[in-house]
Amino acid sequence: MRLNYTLLAGPSQKSARRPQREPVPFKQLLPLELKKTVSGKGDKLKEAACMQEMAVMFACFKKSEFDQSACLKEVAAFQGCFKDYSERMNAQREQGKKGILVPGEQKLTHRQLNQLLKAFPPKK
Amino acid sequence: MANNMRILNKCIPWYPSSYLLPRISGVLQSREYSRPTSFPDYFQNPIFRKEDQAKLIESSELTKIAALPMKPPAVYETSSVYHDPLVNKLINHVMEMGKKQLARSLVEKSFENIKRAQIERYHLASTPEAKAKIELDPKKILHKAIENAKPLLQLQPIKRGGITYQVPGPITEKRSLFLAIKWLLEATYEKERTVHFPKQFAWELLDAANNTGKVIKRKQDLHRLCEANRAYAHYRWQ
């Protein structure tokens, strides 16, 4: 009885006595199609903001022994750059959160793309 | 205020004072809700400064806001010419256990100490040019001290390959203000037991306004550390 039962069962994946043989038959577990959404992983900005300005400021600091009043121009440039950057990021974040579609835009955020995919679902 | 209360107590002598006091304070502040009240989130913050109101009128946004419900301003939010948001912030940082009156008196006492020190210097100065250079307004000195104490950079711990690097980067305006006030207060708390807070705080403010002292050194040390770690700066965006 026990022998019979073992014979009826499929090949064990774990057993070294019956290894998997090539070619491995393909078994479809999920339908072969793309998801109807895109993930937001790729949207993280990898821009090195204000590196140039920071380097210039460091050089000036080193020259003047970290006396800030000697590098007013460099400091203002650095702070202005960071302010611009954070404003731009905030605007982008706001826009992205809402997922508002601007006609004629070339680069879309993942939220905007999802909005489009929802409105026009891909046909099978 | 205490004087007023005494007069009122005299006027109505048949009430027990324990019953009278809360009612009077309620009337004086003209508050129509009990103190710990939260408002729904569609209530807007009050715009109590005349400059801000003028700005709203100029940009014709007042008509939009006028119909919205507003929170009542707190007692410290006033349109008085003596109101200074930075001083208010500082008082809140000095405050411990919600004792605001004590914190305010400490800050005002340090302003008085600054004023005294500067007036002494003013009278000691011989030439009119030297006298003109001495700043007598303690609030201006506070503003200058905080402006000088604000750091430009910060170090952020970022883990790469099992090692935590201290990565330099830009700092937000809000955090840099917070650090400046925190450092000024920490430098003040580092004092002899016999020296009182207002005196030490006045010294620290005068030092920082003069671009010298413990706080400025601390800021420069941070900048030095950032400069030393500048090779890691590119880890920030990976």
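**Chains A and B: fold and contact**

Analyst: Start with Ser60(B): this residue follows H3(B) and has a positive phi, near 50°. Bear in mind that the model is predicted.

User: And helix H3 of chain B itself, how many of its nine residues are buried?

Analyst: Zero. H3 of chain B spans residues 50-58 and is hardly covered.

User: What share of chain B as a whole is buried?

Analyst: Buried residues are 18% of its 238 residues.

User: How many helices and strands in chain B?

Analyst: Eleven helices and two strands.

User: In what order do they run?

Analyst: From the N terminus, chain B goes α-α-α-α-α-α-α-α-β-β-α-α-α.

User: What about contacts within chain B, at a separation of 6 or more? What part comes from residues 24 or more positions apart?

Analyst: Those pairs account for 63% of such contacts in chain B.

User: Switching to the interface. How many residues does each chain put in?

Analyst: Chain A gives 13 residues to the contact, and chain B gives ten.

User: Which elements of chain A give two or more residues to that side?

Analyst: Helix H2 (51-63) and helix H3 (72-98) of chain A.

User: Which element gives the most?

Analyst: H2(A), with five residues on the side of chain A that touches chain B.

User: How does that side split by class?

Analyst: The side of chain A that touches chain B has ten nonpolar residues and three charged ones. Polar residues: no entries there.

Technical notes:
Residues numbered from 1 in each chain as written. Chains lettered and ligands numbered in written order. Predicted model: local features only at pLDDT ≥ 70, side-chain atom pairs only at ≥ 80, totals over all residues. Contact = placed C-beta atoms within 7 Å. Helix = DSSP H or I, 4+ residues; strand = E, 2+ residues; numbered from the N terminus. Nonpolar A, V, L, I, M, F, W, Y, C, P; charged D, E, K, R; others polar. Buried ≥ 20, exposed ≤ 12 C-beta atoms within 10 Å, placed from the backbone.
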